[in-house]
Every structure is written in structure tokens, then in C-alpha cells.
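Q: Could you walk me through this model and tell me what stands behind the terms you use?

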Amino acid sequence: HGVKFRDCIAYEAVETAFWWDPEPKSGTLDTLYQRCVAAKCLRGDANVAGFAAFRGRGNRMRNCVAVGIQSRFDTIGAFQWPGAVDEGLWDEASNLIAHNNEGPGIRFWSNSSFRHHIDPGSAFFNNDGVGILHGAYGNIVTYDGISTFGNRKPDTRFHARTPADAKQRQEWTNSDLGQILIEMNIGNDSR
């Protein structure tokens, strides 16, 4: 589709500020969010995110900020990768800033055998929930050059394991993850 959102600000939105319809499993979206701000998104009857990273190929999110998002605790993040199977693979997610939100700064909740990246320059801080809520049952994500700090709950809450058939594992490199809470076994064995 090639839809591009550049230099956009959504303020006091009553729903999720930035989203695009999910594409069917085999589809390509080529959506770009660049230098966008979601500020003070209000919770009405539905839960809200600043940015919803729906499925589709060729999507990029860079230099975006989510602040004051009024989501319910742990059910949706300021940056939200919703639950799906082998979906939501974004080509780039870098320099994402989430602060002073009611819920998690980022909520990655997907089951996927594809490698996902949350790349350098991202910071999740002073949120009323956790900085990063990483979960579902199994996925492969690289968090590189990010930081979480000053969040009310643990800065990083890890609640997923790498799929048994994965050749690659979770990677947390060059990152300051603050206080970490791990709630499941990581990897294939149950030791």
C-alpha cells in the first residue's frame, strides 16, 4: 500500500492514534511511521495504544514518541505488537520513545518464528506499568541498544520462550534493561 505518516501528531485521540488495517497473512503493507507523536490518547470504551503494529510485511516505525497513553495496565502498550501467529514482522522499529504512560511502554505479545528487531535508540521510561512487556508463548526478538528505567513495575517483564524449532534465540544486546522479571522458562529444556 505504501502509506506514509511523517511528522504527524495525534493529541487526545479517543482510540489508538496510529494504526493501519492489518493485511492478510501473505500481504505487504509498506507502512511508514516516521517522526510521529501520539500524546494523551484517552481511554474510552476500548483500550488504546499510541501505535499499533499490525501484521504485514515491509512496515517501518522510526523516531516515534508515545506519551500519556491511557491504556489499562498490561493489556496494551503505548507501542503495541498485538497477539498473532507469524505476523507483524516489521522491517524496522528504531528510536522509539515511550514515557509517562499508564500501561507498558512497549508490549510485544506475539507468537512468531520470524526474527523481530527493536533497534538502537529506543527508550521506555517513567511508565506506570512496565517499560517492556515481552510475552505470549514463543517468539524471537532482538532488542539492541535500548534502555528501560524509572517504571513503576519492573522495567522489563519477560514472559515468553523461544520456539523449540528456532535456530536463533532471544537477544538482548547493548541494552540497559533495568529491573527484570522473568516469568517462564527460556529455551527448550525445563531445568
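A: Sure. One term first: contact means heavy atoms within 4.5 Å. As for ground rules, this is a predicted model, where local features need pLDDT of at least 70, side-chain atom pairs count only at pLDDT 80 or more, and totals for chains, interfaces and linings use all residues. Residues are numbered from 1 along each chain as its sequence is written, and side-chain values use heavy atoms, with hydrogens and water left out.

Q: Which residues is M61 in contact with, beyond its neighbours within four places in sequence?
A: The list runs Y33, F51, A53, F79, W81, W90, E92, A93, S94 and L96. These count as contacts because heavy atoms come within 4.5 Å.

Q: What makes a set of residues a nonpolar core?
A: The members must be buried Ala, Val, Leu, Ile, Met, Phe, Trp, Tyr or Cys, joined through side-chain atoms within 4.5 Å. The largest such core here has 31 residues, and the ones touching the most other members are Y33, F51, M61, F79, W81 and I118. At least two residues apiece come from β6 (59–67), β7 (79–81), β8 (90–99), β9 (106–109) and β13 (140–144). β8 gives the largest share, four residues.

Q: Why is C64 called buried?
A: Buried means under 20% relative accessible area, exposed means over 50%, and partly exposed is in between (1.4 Å probe, protein chains only). C64 has a relative accessible area of 0%, so C64 is buried. C64 is in strand β6 and, leaving out residues up to four places away in sequence, touches Y33, Q34, R35, C36, F51, F79, N95, L96 and I97. With N95 the C-alpha to C-alpha distance is 6.7 Å, though the two are 31 residues apart in sequence.

Q: What makes R152 exposed?
A: R152 has 51% relative accessibility, which is over 50%, so R152 counts as exposed. R152 sits in the loop between β14 (147–149) and β15 (156–161). Its C-alpha is 9.8 Å from that of P104, across 48 residues of sequence.

Q: Why are E12 and K40 called partly exposed?
A: E12 has a relative accessible area of 36% and K40 has 33%. Both values lie between 20% and 50%, so both residues are partly exposed. E12 is in the loop between β2 (9–11) and β3, while K40 is in the loop between β4 and β5 (51–52).

Q: What is notable about phi in E12 and K40?
A: Most residues other than glycine have a negative phi. Phi of E12 is near 55 degrees, a positive value, and K40, also not a glycine, has a positive phi of about 55 degrees.

Q: How do you know how many helices and strands there are?
A: Helices (H or I, at least four residues) and strands (E, at least two) are DSSP runs, numbered from the N terminus. By that count the protein has zero helices and 17 strands.

Q: How do you know that β6 and β8 pair?
A: Two strands pair if DSSP finds at least two bridges between them. β6 and β8 have eight bridges, so they pair, and they run parallel. R62 stands opposite S94 in β8. β6 also pairs in the parallel sense with β3 (residues 32–34) over three bridges, where Y33 has M61 as its bridge partner. Likewise, β4 (residues 37–39) and β6 are parallel over three bridges, with V37 opposite V65.

Q: What makes β10 and β16 edge strands?
A: Each pairs on one side only. Their open sheet has three strands, in the order β10-β13-β16, paired in parallel. Four bridges join β10 to β13, and R115 stands opposite I140 in β13.

Q: Why is strand β12 described as mostly covered?
A: Six of the seven residues in β12 (residues 132–138) are buried. β12 also pairs with β9 in the parallel sense, over four bridges, and R107 has L133 as its bridge partner.

Q: What does pLDDT say about the model?
A: pLDDT is the predictor's confidence in each residue, from 0 to 100. The mean is 82, and 82% of residues reach 70 or more. Over residues 186–191, though, the pLDDT is below 50, and that stretch has 10 contacts in the model beyond near neighbours in sequence. Where pLDDT is low, the predicted coordinates should not be read in detail.
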